[in-house]
Amino acid sequence: MVARKLDAGLKLDVFRLAQDSASGEVAAALRKYLAAPPKGGLKMASPDLPYELLTDGGDPARGKAIINGHLGANCIACHRVDSDEGSEVGPMLRQIGGLRTKEELAESLVEPSAKIVAGFGIETIVLKDGTTLAGSVTKENAKSLDFRLPDGKPQKINVTAIASRTPPVSVMPPMLGILTPEEIRDVVAYLSGLKPKAAKSAKTKK
Ligand code: HEC
């Protein structure tokens, strides 16, 4: 694992065994591994958990069960995934595997506000007349922006009327802590397989 020659799908499993090991030698190897994050790409999901442990392996069937049934994570309270159930607070995930890499999916789960999907972030805008508005910017140009208030009502705002504006944040809670690293890996495995029909049949790999 330290030499990065281990089968990618087994990394998290070996990492967990190493964490539980009483051997000083294993502990030293583990420290060495954590001190040298992979080159390129995302580094650490948390101080002792590299992202690379969350992107390979995992069980799509368990991931699907978590998305549809995990009460703490409550994905379908905000997303529509593989059925018509679910909500549209967050983006539709039905074909998300065709749009995002596994690494991007893992980041979406661990740090939702790191990259905000356009139109889905929540911003606070203070107008020059003192009004404070919270909601999502759905469209914007140099002169005005289309704002969606929490009740779904659209509002056009002139840029000249704006006194201040916060950067968008996600309402999605960071999932590490709500889900275990193993569960996040399962969810990534499931979501990465959700692809548009055409891409699915073109790719024969199962
Ligand atoms: C409280 C509502 C809420 C919950 C609960 C929630 N999400 Fe989200 N999610 C959002 C919102 C809003 C966004 C869009 C803003 C952003 O980029 O974070 C989002 C974005 C995402 C994205 C990125 C989509 C893209 O197009 O890149 C993924 C993947 C995702 N969520 C998966 C999940 C999964 C899986 C769960 C359950 C483990 C979950 N979400 C739970 C609201 C939620």
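**An iron-centred ligand site in a predicted model**

The iron atom of the ligand has 6 donor atoms around it, and because these subtend angles of 88 to 179°, the arrangement is octahedral (six donors count as octahedral if opposite donors are over 155 degrees apart and all others between 65 and 115). Of these donors, the protein supplies His79 (NE2) and Met172 (SD), which lie 2.0 to 2.2 Å from the iron atom; donors are N, O and S atoms within 2.8 Å of the metal (3.2 Å for Na, K and Ca), and water is not among the atoms, so sites may look incomplete. His79 lies in the loop between α3 (60-69) and α4 (96-99), and Met172 in the loop between β7 (162-165) and α6, so the pair ties together parts that are 93 residues apart in sequence.

The model is predicted: local features need pLDDT of at least 70 and side-chain atom pairs count only at pLDDT 80 or more, whereas totals for chains, interfaces and linings use all residues. Residues are numbered from 1 along each chain as its sequence is written, and side-chain values use heavy atoms, with hydrogens and water left out.

Around the ligand stand 26 residues, of which Cys75, Cys78, His79, Arg100 and Met172 come nearest (a residue is near if one of its heavy atoms lies within 4 Å). This shell comprises 19 nonpolar, 5 polar and 2 charged residues; Ala, Val, Leu, Ile, Met, Phe, Trp, Tyr, Cys and Pro count as nonpolar, Asp, Glu, Lys and Arg as charged, and the others, Gly among them, as polar. At least two shell residues come from each of α5 (102-110) and α6 (181-192), and α5 gives the largest share, 3 residues.

Oxygen atoms of the ligand also make polar contacts (pairs of N or O atoms within 3.5 Å). A polar side-chain atom of Ser170 lies 2.7 Å from one ligand oxygen atom. Backbone N or O atoms take part as well, at 2.9 Å for Val117 and at 3.1 Å for Pro112.

The chain as a whole has 7 helices and 7 strands, taken as DSSP runs (helices H or I, at least four residues; strands E, at least two) numbered from the N terminus.

Methods
A polar contact is a pair of N or O atoms within 3.5 Å; within protein, one must be able to donate a hydrogen and the other to accept it, and residues adjacent in sequence count only if both atoms are side-chain atoms. Four donors count as tetrahedral if all angles lie between 85 and 135 degrees; four count as square planar and six as octahedral if opposite donors are over 155 degrees apart and all others between 65 and 115; anything else is irregular.
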